[in-house]
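Reader: Could you take me on a close look at a single part of this model? I would enjoy one connected walk through a helix and its surroundings.

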Amino acid sequence: GLIFYDTKVTVMNRVLNATVQRTADHAAPEITLDPLEIVGGEIRSSENSYFCQAARQLSCVPSSQLCVKLASGGDPTYAFNIRFTGEEVHGTSGSFRHFLWQVCKELQSSSLSLLLLCPSSAVNKNKGRYILTPSPITYAEEQLFHFFGQLLGIAIRADVPLPLDLLPSFWKTLVGEPLDPDIDLQEADILTYNYVKKFENINDETELEALCAEIASQHLATESPDCPNKPCCKFTYLTMTGEEVELCPRGRHIPVVWENKDVYATAIRSLRMRELQTPECMTAVRAGLGSIIPLQLLTTLTPLEMELRTCGLPYINLEFLKAHTMYQVGLMETDQHIEFFWSALEVFTQEELCKFIKFACNQERIPFTCPCKDGGPDTAHVPPYPMKIAPPDGAAGT
């Protein structure tokens, strides 16, 4: 926390360029994606998604082939080239960026089960934000999490921010920072947080009885075995994926009473903390990331800085975009139609600006900062900059 973000990025960029394993004289790996597999916007099975198509084809490519020079000036080198079946695309840049945009959409949809919408979303807190799905994983899923980690590293080397909306707990676990049992639980699952707090703040047995009756009315409790008409809770709780689990051995047969209500609250909190840390999934993600960038770099970054470096900001800074726009021969910033152009963009909503960026350069976000801070004229524009504005092709018309 004592080092400026820009300083960390400078060090990080040097390390990334010093750990390049595929140089310009080696051909890039190429994968072929079939857009018809996902036609109509609905993926019939996860196997057909771009994410799974790419994971299958890249599983036999050594990760050293994906460790390329950091994108800067000119046409950058990307980790791999993409060929779309039946489509003629000039250059590699647009296809690569479109691929990253598409896989982020797939990851944050029901077609893949690697990410889960955080439970707080249901009550409009952290709406649309995701966590890793907390459940035991198969070998095939472990490979997909590994590929997800590789994509994070690939995006960092390509300097293409990923439009992923993940909770801070994901970035904390990724950089190895402990989770906060209060703040992170509240962020991820406000309903469980409130539920736990109710049990922690009870003052006497009468309140406990009233709380169990309230929970019973929501079908979460059963009757006490000692007093058939007296509702009680058992040592069970629902996981984030909706499965009822025992919080301790024989939990289904242990009622929550005044003496053990704190143990019950602590057990629920521990369950959620384990789910947020998802050690199996996170180990696979970190292994994938570590095959593309040295994991030691993460020790200098805070969770927020890691998110900014990987995903940029979820909104478009127009001033930043203006500073990285190049006008081609014959055009100037002061031309009337150029001024009209920027005035038009200024009235766009953030959603419309993201669509414009997607239209202009096939990605929804722009990097948080750029390595052109030293101010030299040659370094003013870095990928995906400059945004080029060219004169019209024909001379006719105004």
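Author: Happily; what follows is a look at helix H4 and the parts around it.

Please keep in mind that this is a predicted model. The mean pLDDT of the chain is 86, and 87% of its residues reach 70 or more. Two stretches call for care. Over residues 223-228 the pLDDT stays under 50, and the model has nine contacts for them beyond four places in sequence. Residues 374-378 also have pLDDT below 50, with one contact in the model beyond near neighbours in sequence. Where pLDDT is low, the predicted coordinates should not be read in detail.

Now to H4 itself, which covers residues 139-158. A good place to start is isoleucine 156, which is found in this helix. With a relative accessible area of 0%, isoleucine 156 counts as buried, because buried means under 20%. Leaving aside residues up to four places away in sequence, isoleucine 156 touches Met12, Leu16, Leu70, Ile293, Met306, Arg309 and Thr310. Take methionine 306 from that list: 150 residues separate it from isoleucine 156 in sequence, yet their C-alpha atoms are 9.8 Å apart in space.

After H4 comes a loop leading to helix H5 (168-175), and aspartate 159 lies in this loop. Its phi is near 55 degrees, a positive value in a residue other than glycine. Aspartate 159 is buried too, at 9% relative accessibility.

H4 also meets helix H10, residues 279-290. The two axes come within 6 Å and cross at roughly 45 degrees. That angle makes H4 oblique to H10, and the crossing is right-handed. On the H4 side, the residues in contact are Glu142, Phe145, His146, Phe148, Gly149, Gln150, Leu152 and Gly153. Their partners in H10 are Cys281, Ala284, Val285, Ala287, Gly288 and Leu289.

From H10 we can step back to H9, by way of the loop between them, where threonine 278 is found. Threonine 278 has a phi near 30 degrees, again positive in a residue other than glycine. With a relative accessible area of 6%, threonine 278 is buried.

H9 itself has 17 residues, 261-277. At 1.5 Å a residue they should span 24 Å, and the end C-alpha atoms are 25 Å apart, so the expected and modelled spans agree. Many of its side chains deserve a look as you turn the model: among the buried residues of H9 are Tyr264, Ile268, Leu271, Met273 and Leu276, along with Lys261, Arg269, Arg272 and Glu275.

Definitions and conventions. Residues are numbered from 1 along each chain as its sequence is written. This is a predicted model: local features need pLDDT of at least 70, side-chain atom pairs count only at pLDDT 80 or more; totals for chains, interfaces and linings use all residues. Side-chain values use heavy atoms; hydrogens and water are left out. Helices (H or I, at least four residues) and strands (E, at least two) are DSSP runs, numbered from the N terminus. The expected span of a helix is 1.5 Å times one less than its number of residues. Buried means under 20% relative accessible area, exposed over 50%, partly exposed in between (1.4 Å probe, protein chains only). Contact means heavy atoms within 4.5 Å. pLDDT is the predictor's confidence in each residue, from 0 to 100. Axes are lines fitted to C-alpha atoms, for helices over the stretch in contact, and angles run from 0 to 180 degrees between N-to-C directions. Angles under 35 degrees count as roughly parallel, over 145 as roughly antiparallel, 65 to 115 as roughly perpendicular and the rest as oblique. A crossing is left-handed if the near helix is turned anticlockwise from the far one by less than a right angle, and right-handed if clockwise.
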